[in-house]
Amino acid sequence: MKAQSTAADASLREHLVYMLADGGAHVSFDTAVDRLPASLRGAKPAKSPHTPWQIIEHMRIAQWDILEFSRNAAHVSPDFPDGYWPNSARPASARAWTESLRRFRTDLKAMIALVTDPSTDLFARIPHGDGQTILRETLLVADHNAYHLGQLVLLRKLLGAWQ
């Protein structure tokens with residue numbers, strides 16, 4: 001029975017990593033941001049509520065918040081909803097854009113490391129939460145990222161900047 005449980009655990013962790021990193025039914029983060037012209041990072045198509053920059057920064061902030069909540073009892077989340085969105089429609093500089101992408105990727109790798117660590121009990125309640133588990137938070141990151149990656153692809157299509 002123990003071998004079955006271990007195989008099921010490994011399989012679940014593998015599927016979670018796939019959902020977080022490989023895309024599955026949606027594009028990966030790297031594909032979604034690849035070759036987006038700097039001139040369009042702050043562009044807003046007609047009737048769109050957000051720019052590519054705003055979506056990417058929102059994804060980064062939300063992912064960081066979920067990761068930190070999952071592993072740090074002292075973490076304080078940003079104010080909702082304003083703290084989850086950037087103040088500006090465009091990045092302040094090319095460096096700000098690059099740094100946002102780097103931090104998103106770093107936090108995604110940290111979430112994957114948390115999920116793949118065999119000492120992480122995916123089903124245990126997070127002690128400082130109100131019923132959340134690492135499994136739930138991982139699914140939340142994957143779902144939230146997939147949703148906004150779809151928005152980003154649509155924005156890029158509307159801006160004429162999709163492959």
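Student: Is Ser70 buried or exposed?
Tutor: Let's start by placing it: in this predicted model, Ser70 is found in helix α3. Its relative accessible area is 8%, and a residue counts as buried when that value is under 20%. Ser70 is therefore buried.

Student: Which residues does Ser70 touch, leaving out those up to four places away in sequence?
Tutor: Ser70 sits in helix α3, and its contacts reach into other parts of the chain's numbering. One of its partners, Met111, is itself buried in α4. With sequence neighbours up to four places away set aside, the residues that Ser70 touches are Met111, Leu114, Ile126, Ile134 and Glu137.

Student: How many of the residues of α3 are buried?
Tutor: Helix α3 has 20 residues, and Ser70 is a buried example. The helix as a whole is mostly covered. The number of buried residues in α3 is 18 of 20.

Student: How far does α3 reach from its first C-alpha to its last?
Tutor: The expected span, at 1.5 Å a residue, is 28 Å. The model comes close to that figure. From first C-alpha to last, α3 reaches 29 Å.

Student: At what angle do the axes of α3 and α5 cross?
Tutor: Good moment to bring in a second helix: α3 covers residues 52-71 and α5 covers residues 134-158. Two packed helices are described by the angle between their axes and the distance between the axes. Here the axes come within 10 Å, and they cross at roughly 175 degrees.

Student: Are α3 and α5 roughly parallel or antiparallel to each other?
Tutor: Their crossing angle is roughly 175 degrees. Angles over 145 degrees count as roughly antiparallel. The two helices α3 and α5 are therefore roughly antiparallel.

Student: How do the residues of the contact of α3 with α5 divide into nonpolar, polar and charged?
Tutor: On the α3 side, the residues include Ile55, Met59, Ile66 and Ser70. On the α5 side, they include Leu140, His144, Leu152 and Leu155. The contact divides into 13 nonpolar, seven polar and one charged.

Student: What span should helix α4 have at 1.5 Å a residue?
Tutor: Helix α4 runs over residues 94-116, which makes 23 residues. Its end C-alpha atoms lie 33 Å apart, in agreement with the expectation. Buried residues in α4 include Trp97, Phe104 and Leu108. The expected span of α4 is 33 Å.

Student: Which residue with a positive phi follows α5?
Tutor: Helix α5 has 25 residues and reaches 36 Å, close to the 36 Å expected. After the helix comes a residue whose phi is near 75 degrees. That residue is Gly160.

Student: How far apart in space are Lys157 and Lys47, C-alpha to C-alpha?
Tutor: Lys157 has its place in helix α5 and is exposed, with a relative accessible area of 52%. Lys47 lies in the loop between α2 and α3 and counts as exposed too, at 87% relative accessibility. The two are 110 residues apart in sequence. In space, their C-alpha atoms are 14 Å apart.

Student: What is the phi of Arg35, which is not a glycine?
Tutor: Arg35 has its place in the loop between α2 (29-33) and α3. It is exposed, with a relative accessible area of 61%. Lys47, in the loop between α2 and α3, has a positive phi of about 65 degrees. For Arg35, phi is positive, at about 60 degrees.

Student: Which residues does a cis peptide bond join?
Tutor: Look at the loop between α3 and α4, where Pro81 is found. The omega of the bond is about 0 degrees. The residues joined by the cis peptide bond are Phe80 and Pro81.

Student: How many helices and strands does the protein chain have?
Tutor: Stepping back, the pattern along the sequence reads α-α-α-α-α. The C-alpha atoms fill a box of roughly 55 × 35 × 25 Å along the principal axes. The totals are five helices and zero strands.

Student: What percentage of the residues in the protein chain is buried?
Tutor: The chain has 163 residues and exposes about 9200 Å², with carbon and sulfur atoms supplying 56% of that area. The buried share of its residues is 44%.

Conventions: Residues numbered from 1 in each chain as written. Predicted model: local features only at pLDDT ≥ 70, side-chain atom pairs only at ≥ 80, totals over all residues. Heavy atoms only, no water. Axes fitted to C-alpha atoms, helices over the stretch in contact; angles between N-to-C directions. Helix = DSSP H or I, 4+ residues; strand = E, 2+ residues; numbered from the N terminus. Parallel < 35°, antiparallel > 145°, perpendicular 65-115°, else oblique. Contact = heavy atoms within 4.5 Å. Nonpolar A, V, L, I, M, F, W, Y, C, P; charged D, E, K, R; others polar. Buried < 20%, exposed > 50% of the residue type's maximum accessible area, 1.4 Å probe, protein only. Areas by Shrake-Rupley, 256 points an atom, 1.4 Å probe, with all protein chains shown as cover. Expected span 1.5 Å × (residues − 1).
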